[in-house]
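Colleague: Could you walk me through this one? I'm new to reading structures, so keep it simple.

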Amino acid sequence: MQKNIMTLERHFLEQQRKYPQARGAFTKLLTEIAFASKVISREVNRAGLGDILGNAGVLNVQGEEVQKLDILAHKMLINIMDHLGLLCGMASEESENYIKIPDEFPVGNYVLNMDPLDGSSNIDVNVSIGTIFSIHRKVSNHPRVALKDFLQPGRVQVAAGYVLYGSSTMLVYTSGQGVYGFTLDPALGEFLLSHESIKIPKKSRFYSINEAYSYRWHTWTRKYIDYLKSPVKQAGLGLSLRYIGSLVADFHRNLLMGGIFVYPEDTKTPKGKLRLLYEAAPLAFIAEQAGGKASDGMQDILDIQPKQLHQRTPLIIGSSAEVKTALRFRNDFK
Ligand code: P6P
């Protein structure tokens with residue numbers, strides 16, 4: 001008996017009916033992000049077929065080689081989102097300054113913070129990559145948009161999500177009413193509800209950290225990871241190391257199977273490597289909605305007041321019990 005087929009659009013409309021205060025604008029915004037991700041998915045899945053592979057030969061604000069697909073995803077999202085009258089601005093990993101809505105278009109009441117294609121160094125080796133997005137309400141009284149509209153703590157996000165371009169393309173999002181996962185049926189071109197109300201399993205199976213950097217870890221990190229590998233922990237709760245070097249892929253696996261992802265501050269990256277606004281905060285919103293936890297080691301990611309658009313943060317995220325254990329090590333071995 002075929003399960004009741006729930007498309008993304010039908011799901012959004014049902015959610016909208018549940019929350020009368022939700023106007024159609026928010027539903028339309030999520031629907032358009034989903035559409036953009038379908039276009040990006042098509043390009044990602046055929047990346048190996050054209051000349052699109054390889055570096056574009058330019059550097060992004062992070063000083064990293066930018067793959068052509070990064071640029072394509074960045075431009076795709078902007079072109080699809082900038083004229084809808086839903087956003088007053090966008091911030092992207094690929095753009096040093098925030099992106100204003102062209103004057104000829106009306107502005108809306110939301111801002112979109114995004115990493116158009118995270119993990120792009122994995123494109124050429126066919127490893128899963130992802131788009132991460134975070135939506136806030138406009139808060140400034142500027143007639144169009146101001147930096148203040150972007151620099152809001154993750155706790156007040158209206159919605160957050162990611163699209164994982166892997167063995168299948170999945171869109172996972174939350175708007176504060178639980179976490180939902182949709183899988184793209186390429187034949188239909190529709191995202192179909194495949195994971196209703198995702199909760200991180202209490203029993204963790206994996207830990208994710210780049211062990212090659214152990215030489216630059218602070219004491220607490222070394223002691224925590226040694227603990228995870230100790231006979232005691234292994235006997236009680238054997239965790240396997242899984243680190244694919246693509247944040248969305250690592251996070252998604254731990255979300256569904258139970259685990260912890262750690263990108264800590266260390267002697268080379270004293271603020272961590274990952275970005276607060278469009279990587280850590282959206283994933284932290286999802287993690288908490290799924291019963292997990294996300295911290296920078298000192299406070300919940302969602303409570304950090306951003307000061308800069310591309311601000312970095314340490315990230316300890318995943319199953320609540322594991323994150324709390326990591327924080328105990330950090331507090332004991334500061
Ligand atoms: P490292 C990819 O470049 C990325 O931003 C994340 O997707 C990933 O989790 C992290 O960097 C990997 O960083 O230093 O371990 O290669």
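Modeller: Sure. Rings of Phe, Tyr and Trp count as a pair if their centres lie within 6.5 Å. Keep in mind that this is a predicted model.

Colleague: Okay, which residues form one aromatic cluster?

Modeller: Aromatic pairs are something this structure has 10 of. Rings can also be grouped, and one aromatic cluster consists of Phe12, Tyr173, Tyr180 and Phe182.

Colleague: What about Tyr213 and Tyr263: what kind of aromatic pair do they form?

Modeller: A pair of aromatic rings is described by the distance of the centres and the angle of the planes. For Tyr213 and Tyr263 the centres are 6.5 Å apart and the planes make 65°. Planes over 60 degrees apart count as edge-to-face, so with its 65° this pair is edge-to-face.

Colleague: And how many residues apart are those two in the chain?

Modeller: Tyr213 sits in the loop between strand E11 (206-208) and helix H4 (219-228). Tyr263 belongs to strand E13 (residues 259-263). The pair therefore links distant parts of the chain, and the separation is 50 residues.

Colleague: Is Tyr263 buried or exposed?

Modeller: Let's take its partner too: Tyr213 has a relative accessible area of 26% and is partly exposed. Tyr263 has a relative accessible area of 7%. Buried means under 20%, so Tyr263 is buried.

Colleague: Which residue puts its charged end over the ring of Tyr213?

Modeller: There are a couple of cases of a charge over a ring to look at. In one of them, Arg253 lies over the face of Phe206, at 5.4 Å from the ring centre. Over the ring of Tyr213, 3.7 Å from its centre, sits the charged end of Arg216.

Colleague: Let's zoom out to the domains. How many residues does domain 2 bring to the contact?

Modeller: The domain assignment gives domain 1 (8-195) and domain 2 (206-333). Their C-alpha centres lie 24 Å apart. Domain 1 brings 47 residues to the contact, and from domain 2 come 34 residues.

Colleague: Which three residues supply 23% of the area that domain 1 buries against domain 2?

Modeller: Between the domains, the buried area is about 2,900 Å², with carbon and sulfur atoms giving 63% of it. On the domain 1 side, no other three residues supply more than this trio: Leu151, Arg155 and Tyr162.

Colleague: Which residue forms a salt bridge with Arg155?

Modeller: The count of salt bridges between domain 1 and domain 2 is 3. For Arg155, the closest N and O atoms of the bridge are 2.7 Å apart. The partner is Glu288.

Colleague: Now helix H7 (residues 276-289): how many of its residues are buried?

Modeller: After H7 comes Gly291, with a positive phi near 85°. The helix itself is mostly covered: of its 14 residues, the buried ones number 13.

Colleague: What does Ser41 touch, leaving out residues up to four places away in sequence?

Modeller: Ser41 lies in helix H2 (residues 24-45), and at 3% relative accessibility it counts as buried. Leu164 is 123 residues away in sequence, yet the two C-alpha atoms are 8.9 Å apart. The residues Ser41 touches are Tyr165, Thr169 and Leu184.

Colleague: Last one: is Asn126 buried or exposed?

Modeller: Asn126 is not a glycine, although its phi is positive, about 60°. Its place is the loop between strand E5 (110-118) and strand E6 (129-137). Its relative accessibility is 74%, and the cut-off for exposed is over 50%, so Asn126 counts as exposed.

Note on methods:
Residues are numbered from 1 along each chain as its sequence is written. This is a predicted model: local features need pLDDT of at least 70, side-chain atom pairs count only at pLDDT 80 or more; totals for chains, interfaces and linings use all residues. Side-chain values use heavy atoms; hydrogens and water are left out. Buried means under 20% relative accessible area, exposed over 50%, partly exposed in between (1.4 Å probe, protein chains only). Helices (H or I, at least four residues) and strands (E, at least two) are DSSP runs, numbered from the N terminus. Rings of Phe, Tyr and Trp (its six-membered ring) pair if their centres lie within 6.5 Å; planes under 30 degrees apart count as stacked, over 60 as edge-to-face and the rest as tilted. A charge sits over a ring if NZ of Lys or CZ of Arg is within 6 Å of the ring centre and within 35 degrees of the ring normal. Domain bounds come from an automatic or database domain assignment. Contact means heavy atoms within 4.5 Å. Buried area is the accessible area (1.4 Å probe) that two parts lose on being put together, summed over both. A salt bridge is a side-chain nitrogen of Lys or Arg within 4 Å of a carboxyl oxygen of Asp or Glu.
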